[in-house]
Amino acid sequence: MFMHTLADAVTKTPLLTGTDPAQKREEIRRYFHQTFSLYEALFDCITTDAAYYSRPEPLRHPLIFYFGHTAVFFINKLVLGKYLPERLDERLESMFAIGVDEMSWDDLNDAHYDWPSLAHTRDYRAQVRNTVDAFISEMPLSLPITPDSAAWIVLMGIEHERIHLETSSVIMRMLPLDQLQSHPLWTACRDAGEAPQNALLPVAGDTITLGKPATAATYGWDNEYGSKTVEVQPYRVAQYLVSNGEYLEFVQDGGYRKPEYWTEEGRQWLDFTRATMPRFWLLRDGEYMQRNLLEEIPLPLNWPVEVNYLEARAFCNWKTAQTGTHIRLPTEAEWTLLRNRIDADQPDWGQAPGNLNLEHYASSCPVDRFETDGIYDITGNVWQWTETPIDGFPGFEVHPLYDDFSTPTFDNRHNLFKGGSWISTGNEATRYSRYAFRRHFFQHAGFRYIESDNPEVPVEPVNTYETDELVAQYLEFHYGDRYFDVPNYPVACVEALLTQLPEVSKGRALDLGCSVGRASFELARHFDRVDGIDFSARFIQHGVQLKESGQTRFAIPTEGELVEFKEASLADMGYAEVAGRIEFVQGDAHNLKPRFTGYDLIFCGNLIDRLYDPAAFLAQVHERLNTGGCLVLTSPYTWLEEYTPKDRWLGGVKVNGENFTTLDGLKAVLGERFELVGRQDVPFVIRETRRKFQHTLAEMTVWRLK
């Protein structure tokens, strides 16, 4: 399929819905071939084999990798999903598989790769085209297409290739021009002039819901789904994207030489790069030029500037100093409030309402060309950096066949940009698309700024995935799946103790040794106030995170280095309404602060055999209970000298030559002040990997203060 004009390149992402599977199959086939050909048409601009193997962007692989990578992706995912019985070229499918995410500037990849020849890679792409075409013809297809459908995997490969249509074009902008040639499909806009004067327009606040509905009729990446309701305060927004002309004032004022405008990360980047202007600007004979995809032109002052987040943030700080107001980048929610002014989405519009989806130009264009309600370029022209680090919305779920698409970016180092650029097609051009890059990285990205009455940026911390093996194991133990039909242990303990103590007062409870907090939440269903205390800050932070954000995430091993991603949600567990009754505190059971007293119940779940002096603890615990209060202990009595010196074990030893159990020791220590009112076994299962579990019986003893 050869493309002659920009109109030939325009294709809209297909709907997942329909009534005729045969018609939908042909639609997907056309979309696949059009995408495959469009991608190859971009590489047709390269005139020398050497250009494929150079690294004009040292933070990324050479272009030969990206030329092969998008084809390999189809085969690897179809093999992984067991849709294809065998590979086409194992060497290429390994070499071209990974290594796409951009690196930090101080973590360059200097590895030497034995890249295949261009001819071999072209042949491989032709094999993939035929293989995928045949697969589309034969794959099972029912409507609507869902994430577990074979067609979803094909669409995943297509949309993935459209992402790299854009990222590869950025790398090409860095190649020497003598390695490129003009192409009728990639003709830039020819309009340029003076930059318009930017102005600030009022935007009313609103409460909006972010996230792509599960019922949406187009393909989506995993991070787009879920939902989050945000209250957006009123602000004033720049009428135009920041133009080259407006940004030039910052450059000419010495903005790149004034560290006070830059974040710490920005200063480090400046020290490394020695940048003095945007990446795609050149200064030749005293005249500023701009490098586009296939040519250099005099700097078009009325085109949007293209910068990374660090530069955009520095400009806003400079603008703040110039105006005396609070100038900053918008958050994702603030940008979405603007996007909501455009009702249409890519599959439905007659023509893109901005320089988007290759529907207008093969370059940026003037910033005063596409207007909606007085604001220009709400979508299209260049991506717009936001202040929001990417994170999954509540309800986020990893797709099992692409578990590393989003999760590696949930690290507080990748910021979202929104709106798409002139070459954003397919999923990238839709309303709900969410893409993020490291803050120092370049795409076809610029920005617009807002003026706020509040100097603080309303950005929440990123909810990263806990990968510490022990902590993640306990998160799964508390909040994960049920195994071998054994009930959730913290929940079962609370249910059991309440059965044993039907008359206990429901005022204040202490969950001592609370770990990651599940028993605290369960106790809060029944008690007015709950204190959750644990010695480990690594554990307690997840209870705090759940209480404050309503969710926590963790990654648990399946086998070897493979992991499974999990999310715990207070709302899903029914704790959202009681979380306010809990206070989580780091503390030592042997040395609690005086304020932790006056409890009706103290629950010590699997604690006593992890204390360095359990008898001393038990001898004083009554001081923290109200009259008639109760102490509940659970433990498998796994005494280990790494936690408790052997001479301080409560039991599990010989005394005068006779067996002395932990229950004997508990009675000896507690018997004077407490009455043993109940005793039962409570089983639990701890998952280590997908195929390895610990199955344990803990003994629960229930003691009432005399």
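**Group meeting: a walk through a predicted single-chain model**

In this chain, residues 24 or more positions apart account for 77% of the contacts with a separation of 6 or more. I start there, and I should say at once that this is a predicted model.

First, the overall picture. The chain has 706 residues, and buried residues make up 58% of them. Its secondary structure comes to 18 helices and 27 strands. The C-alpha trace spans about 95 × 65 × 50 Å along its principal axes. The exposed area of the chain is about 29,300 Å², with carbon and sulfur atoms supplying 47% of it. On charge, there are 67 positive and 102 negative side chains, and the centres of the two sets lie 3 Å apart.

Next, the helices. I will take two pairs and then one helix by itself.

The first pair is helix 4, residues 63-80, and helix 7, residues 150-172. Their axes come within 10 Å and cross at roughly 170°. An angle over 145 degrees counts as roughly antiparallel, and helix 4 and helix 7 are therefore roughly antiparallel to each other. Which residues of helix 4 meet helix 7? On the helix 4 side they are L63, Y66, H69, T70, F73, F74, K77 and L78. Their partners in helix 7 include I153, M156, G157, H160, E161, H164, S168 and M172.

The second pair is helix 8, residues 244-252, and helix 10, residues 309-323. Here the axes come within 11 Å and cross at roughly 75°. That crossing makes helix 8 roughly perpendicular to helix 10. From helix 8, the residues that take part are E246, Y247, E249 and F250. They meet E311, A314, F315, W318 and K319 in helix 10.

Now the single helix. Is helix 11, residues 332-339, largely enclosed or largely open? Eight of its eight residues are buried, so helix 11 is largely enclosed by the rest of the structure. The buried set in helix 11 includes charged side chains, E332, E334 and R339 among them. W335, L337 and L338 in helix 11 are buried as well.

On to the loops, beginning with the one between helix 7 and strand 1. H183 has its place in that loop, and P184 is found there too. What does the relative accessible area say about H183, buried or exposed? H183 is buried, with a value of 9%. Leaving out residues up to four places away in sequence, H183 touches M3, A41, D44, C45 and L294. P184, on the other hand, counts as exposed, because its relative accessibility is 54%.

Both residues also give long distances across the chain. The C-alpha atoms of H183 and E672 are separated by 92 Å, and the two residues are 489 apart along the chain. For P184 and L592, 408 residues apart along the chain, the C-alpha separation is 75 Å.

N292 sits in the loop between strand 6, residues 287-291, and strand 7, residues 296-298. At 5% relative accessibility, N292 counts as buried. Setting aside neighbours within four places in sequence, N292 is in contact with R173, I297 and W303. How many ångströms separate the C-alpha atoms of N292 and S364? The separation is 8.8 Å, although these residues are 72 apart along the chain.

T499 gives another such pair. T499 is found in helix 13, residues 489-500, and is exposed, with a relative accessible area of 63%. Its C-alpha atom and that of E699 are separated by 15 Å, with their positions 200 residues apart along the chain.

Last, the backbone. The peptide bond from L143 to P144 is cis, with omega near 0°. P144 lies in the loop between helix 6, residues 118-138, and helix 7.

Two residues have a positive phi without being glycine. D377 has phi near 55°. D377 lies in the loop between strand 10, residues 375-376, and strand 11, residues 383-389. Its relative accessibility is 0%, so D377 counts as buried. N606 has a positive phi of about 50°. The place of N606 is in the loop between strand 22, residues 599-605, and helix 17, residues 614-620.

Methods:
Residues are numbered from 1 along each chain as its sequence is written. This is a predicted model: local features need pLDDT of at least 70, side-chain atom pairs count only at pLDDT 80 or more; totals for chains, interfaces and linings use all residues. Side-chain values use heavy atoms; hydrogens and water are left out. Helices (H or I, at least four residues) and strands (E, at least two) are DSSP runs, numbered from the N terminus. Buried means under 20% relative accessible area, exposed over 50%, partly exposed in between (1.4 Å probe, protein chains only). Contact means heavy atoms within 4.5 Å. Accessible areas come from the Shrake-Rupley method with a 1.4 Å probe; for residues, only the protein chains shown count as cover. The place of a charge is taken as NZ of Lys, CZ of Arg, CG of Asp or CD of Glu. Axes are lines fitted to C-alpha atoms, for helices over the stretch in contact, and angles run from 0 to 180 degrees between N-to-C directions. Angles under 35 degrees count as roughly parallel, over 145 as roughly antiparallel, 65 to 115 as roughly perpendicular and the rest as oblique.
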